[in-house]
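User: I'd like to learn how to read a few features off a structure, starting with helix packing. Can you walk me through it?

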Amino acid sequence: MKTLIARSLKFETGVVKVLDQYLLPHQQVWHECHDVATMSELILTLKVRGAPLIGLAASLLIAYLTEKGEDKVTIARSIDELEATRPTAVNLMHCMARLRGALKHEDWPQRIIATAEQLFEEDTALCDRMATFGAELVSAGDNILTHCNTGALATAGVGTALGVIHHAAKRHGDIHVWVDETRPLLQGGRLTAFELDTWQIPYTLICDNMAASLMAAGKVDKIFVGADRIAANGDFANKVGTYNLAVLAHFHHIPFYVVAPSTTLDKTCPNGAAIPIEQRAPTEVTGVSGSFGECQWAPSNAEVFNPAFDVTPANLITGWVLDTGLFTADDVAKGVFFVNPDS
């Protein structure tokens with residue numbers, strides 16, 4: 001397999017390597033991954049995260065195992081095991097489906113490797129197209145609010161929602177970003193702030209519960225967020241807290257856009273109610289740990305509700321930014337989302 005390098009995932013010198021996103025921004029540690037158990041653990045502990053990147057990391061591991069000579073039965077089982085790690089993000093399922101298709105052919109080892117490489121390169125191109133389309137929606141001087149992390153750390157390319165911001169900032173030069181910290185795991189405070197700092201795009205970090213006061217004060221012009229799965233009717237699942245922003249944006253008449261590749265569309269899922277929502281460990285809410293230390297603030301026996309995602313209904317969305325273009329509610333109602341046969 002050829003060398004493939006992204007901001008937080010790479011295949012070089014015959015090894016899959018992932019950047020530990022749980023330790024960012026204070027430590028940059030790369031993990032080598034040689035087996036399914038290791039990759040599954042990296043995904044489950046959010047060392048590898050971001051819907052597109054999870055699918056790509058799993059795909060590169062499958063290609064690596066294939067190149068190492070694992071048999072067809074082992075590869076098929078490995079695909080199933082990796083697909084089961086995160087139930088909400090449909091990009092992972094899309095990648096694993098592509099690999100299963102390659103596995104059906106007589107020359108499956110070559111096809112598996114070629115498919116993994118293609119998926120990686122396609123994602124870079126998808127990001128560029130999304131960013132270009134989305135940047136058309138941004139005006140000079142805009143104050144943009146975003147949630148969680150949707151940049152180059154979460155994809156092979158420049159990102160989804162944060163990719164739009166990146167391209168808009170390059171075009172206008174005076175974009176400012178409000179960054180939700182994104183409880184409980186602080187992907188905004190740790191990762192989005194880190195990326196914006198690296199790109200030298202002006203930003204201000206806020207606690208999640210400060211967004212409403214900013215909107216009421218007229219300090220938010222537009223909101224751009226990513227997605228982990230978009231249902232056929234336009235409802236979408238994204239990092240928990242996204243729905244809050246959509247409701248607030250609707251009340252304050254602020255444009256609210258979701259940015260995602262066409263691989264995030266799930267035409268088999270009729271609406272948001274049918275999207276499975278992953279529940280994560282109570283310890284993520286009762287305290288915090290990482291490169292910044294460890295602290296438990298809640299009683300050890302506290303009951304915890306910790307969904308990783310929430311669902312935003314289509315009627316709260318101003319527009320959908322895909323790699324295939326910009327879409328309105330009318331477009332979604334007509335099924336134009338799925339004009340791309342690969343979606």
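User: Which way do H2 and H3 cross, left-handed or right-handed?

Analyst: This is a predicted model, so keep that in mind throughout. In general, two packed helices are described by the angle between their axes and the distance between the axes. Here H2 passes H3 in a right-handed crossing. For the pair itself, helix H2 covers residues 51–67, and its axis comes within 10 Å of the axis of H3, crossing at roughly 165°. Angles over 145 degrees count as roughly antiparallel, so H2 is roughly antiparallel to H3.

User: Which residues make that contact?

Analyst: From H2 you get Ala58, Leu61, Ile62, Leu65 and Thr66, and from H3 you get Ile75, Ser78, Ile79 and Leu82. Sorted by type, the residues of the H2 and H3 contact are 7 nonpolar, 2 polar and no charged.

User: And H3 with H4, at what angle do they pack?

Analyst: About 170°, with the axes 10 Å apart; H3 is residues 72–83 and H4 is residues 90–103. That makes H3 roughly antiparallel to H4. The crossing of H3 and H4 is left-handed, whereas that of H2 and H3 is right-handed.

User: Which side chains should I look at there, and how do they divide by type?

Analyst: On H3, pick out Lys72, Ile75, Ala76, Ile79, Asp80, Leu82 and Glu83; they meet Leu92, Met93, Met96, Leu99, Arg100 and Leu103 of H4. The residues of this H3 and H4 contact divide into 9 nonpolar, no polar and 4 charged. Notice that Ile75, Ile79 and Leu82 of H3 also appear in the contact with H2.

User: What about Val73 in H3, is that residue buried or exposed?

Analyst: The cut-off for exposed is over 50% relative accessible area. Val73, found in helix H3, has 60%, so Val73 is exposed. For a sense of distance, Val73 and Ala152 are 79 residues apart in sequence, with their C-alpha atoms 34 Å apart in space.

User: Now a charged residue. Where does Arg229 sit, and is Arg229 buried or exposed?

Analyst: Arg229 is in strand E9, residues 229–231. The cut-off for buried is under 20%, so at a relative accessible area of 6% Arg229 is buried. With a charged side chain like this, check for polar partners: the Arg229 side chain reaches the backbone oxygen of Thr88 at 3.0 Å. Beyond its neighbours within four places in sequence, Arg229 is in contact with residues including Pro87, Val90, Asp235, Phe236, Asp266 and Ile275. Met93 is on that list too, and Met93 is also one of the H4 residues that meet H3.

User: How about a histidine? What does the side chain of His147 reach?

Analyst: Two partners to look at. A polar contact of 2.9 Å joins the side chains of His147 and Asp180, and the His147 side chain also reaches the backbone oxygen of Val240 at 2.9 Å. His147 is in the loop between strand E5 (143–146) and helix H6 (161–172). With a relative accessible area of 1%, His147 is buried. Not counting residues up to four places away in sequence, His147 touches, among others, Thr182, Asp208, Phe224, Lys239 and Leu245.

User: Thr182 turns up there. What is the phi of Thr182?

Analyst: Near 70°, a positive value in a residue other than glycine. Thr182 lies in the loop between E6 and H7 and is buried, with a relative accessible area of 0%. Compare His253: phi is near 60°, again positive in a residue other than glycine. His253 is in the loop between helix H9 (242–252) and strand E11 (256–259), and at 71% relative accessibility His253 counts as exposed.

User: Last thing, backbone omega. Where are there cis peptide bonds?

Analyst: Look just along the chain from Thr182. Arg183 and Pro184 are joined by a cis peptide bond, with omega about 5°, and Pro184 is in the loop between strand E6 (176–180) and helix H7 (187–199). Another cis bond runs from Leu24 to Pro25, with omega near 5°. Pro25 is in the loop between strand E3 (15–19) and strand E4 (30–33).

Terms used. Residues are numbered from 1 along each chain as its sequence is written. This is a predicted model: local features need pLDDT of at least 70, side-chain atom pairs count only at pLDDT 80 or more; totals for chains, interfaces and linings use all residues. Side-chain values use heavy atoms; hydrogens and water are left out. Axes are lines fitted to C-alpha atoms, for helices over the stretch in contact, and angles run from 0 to 180 degrees between N-to-C directions. Helices (H or I, at least four residues) and strands (E, at least two) are DSSP runs, numbered from the N terminus. Angles under 35 degrees count as roughly parallel, over 145 as roughly antiparallel, 65 to 115 as roughly perpendicular and the rest as oblique. A crossing is left-handed if the near helix is turned anticlockwise from the far one by less than a right angle, and right-handed if clockwise. Contact means heavy atoms within 4.5 Å. Ala, Val, Leu, Ile, Met, Phe, Trp, Tyr, Cys and Pro count as nonpolar, Asp, Glu, Lys and Arg as charged, and the others, Gly among them, as polar. Buried means under 20% relative accessible area, exposed over 50%, partly exposed in between (1.4 Å probe, protein chains only). A polar contact is a pair of N or O atoms within 3.5 Å; within protein, one must be able to donate a hydrogen and the other to accept it, and residues adjacent in sequence count only if both atoms are side-chain atoms.
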